[in-house]
Amino acid sequence: MSWNLFFTMFGGLGLFIYGMRLMGEGLERAAGDQLKNLVEILTTNRLMGVFVGALVTAIIQSSGATTVIVVGLLNAGIMDLSQAVGVIMGANIGTTMTAQLIAFKLSNIALPAIGIGTGIFLFSKNKTRKFIGQVILGFGLLFFGMQTMETALKPLAELPQFIGFMTSFSKTPILGVLAGFILTGLIQSSSATIGILQALASQGLVNLSIALPILFGDNIGSCVTALLSSIGTNINARRAALFHLLFNIIGTI
């Protein structure tokens, strides 16, 4: 893999992550403080907590960020541990929304979305409209980044060393889990690492037996943010972060 392709892949990943961040921030700002209020008010039982966790995570595009909010609410005594468990379960469902969005293959509208989103964001005086423009811009950047990654990864199909390396994950699944965990722990975004997997799959470089162990490792790696945020908090807040980790480890097993 030449340096040119490596930097193309790296740049595509940067666009993808930045687009995802813009989308999440735009949606979060448009909603204002209502998201945290929603978590506080509607988590009266575990089932409702699952729904709220999925909804909030789908909006802010990060299960780690949702768990960080939960850890903060637990530490402040606003929420109890049984409510937090439901929200964390829901967060693991909500985090899949980015992957589902990518699966629609909307790359053709990436550049128009970037142009429209930029126009709305720059020229609109209404704050809510500016945030909507930010969401559209982020949406376009996300898909443009995905398209860039797919282009960079295409030549790997001709490298037997890479194919052999990826095949080893299906033969020894624990290696795939470990690779997914390390990559997500470094990038701090399971959606980004799953995006890379989807880019590889779109080029026929990975099949389901190779992708699944890495995917499970991604889910475990997404717990790193919450674990770090729980340092120095009370016992219930630390338990919530640990539950997030155990939930994903048990799911992987």
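User: Which cut-off defines a buried residue here, and what share of the chain is buried?
Analyst: Buried means under 20% relative accessible area. The model is predicted. The chain has 253 residues, and the buried share of them is 45%.

User: How many helices and how many strands does the chain have?
Analyst: From the N terminus on, the elements run α-α-α-α-α-α-α-α-α-α-α-α-α-α. The count is zero strands and 14 helices.

User: What is the radius of gyration, and what does the globule rule give for 253 residues?
Analyst: The C-alpha trace spans about 55 × 50 × 30 Å along its principal axes. For 253 residues the globule rule gives 18 Å. The chain comes close to that, so it is as compact as a globular protein of that length, with a radius of gyration of 19 Å.

User: Of contacts between residues at least 6 apart in sequence, what percentage join residues at least 24 apart?
Analyst: Contact means heavy atoms within 4.5 Å. Among contacts in the chain between residues at least 6 apart in sequence, the part joining residues at least 24 apart is 76%.

User: Is helix H3 parallel or oblique to helix H5?
Analyst: H3 covers residues 46-60 and H5 residues 81-94. Their axes come within 6 Å and cross at roughly 40°. Angles under 35 degrees would count as roughly parallel, and 65 to 115 as roughly perpendicular. The crossing angle therefore makes H3 to H5 oblique.

User: What is the handedness of that crossing, and how do its contact residues divide?
Analyst: H3 passes H5 in a right-handed crossing. Contact residues include Gly 49, Gly 53 and Ala 54 of H3, and Gly 86, Gly 90 and Ala 91 of H5. The contact residues of H3 with H5 divide into eight nonpolar, seven polar and one charged.

Technical notes. Residues numbered from 1 in each chain as written. Predicted model: local features only at pLDDT ≥ 70, side-chain atom pairs only at ≥ 80, totals over all residues. Heavy atoms only, no water. Axes fitted to C-alpha atoms, helices over the stretch in contact; angles between N-to-C directions. Helix = DSSP H or I, 4+ residues; strand = E, 2+ residues; numbered from the N terminus. Parallel < 35°, antiparallel > 145°, perpendicular 65-115°, else oblique. Left-handed = near helix turned anticlockwise from the far one by under 90°. Nonpolar A, V, L, I, M, F, W, Y, C, P; charged D, E, K, R; others polar. Rg over C-alpha atoms; globule rule 2.2 N^0.38 Å. Buried < 20%, exposed > 50% of the residue type's maximum accessible area, 1.4 Å probe, protein only.
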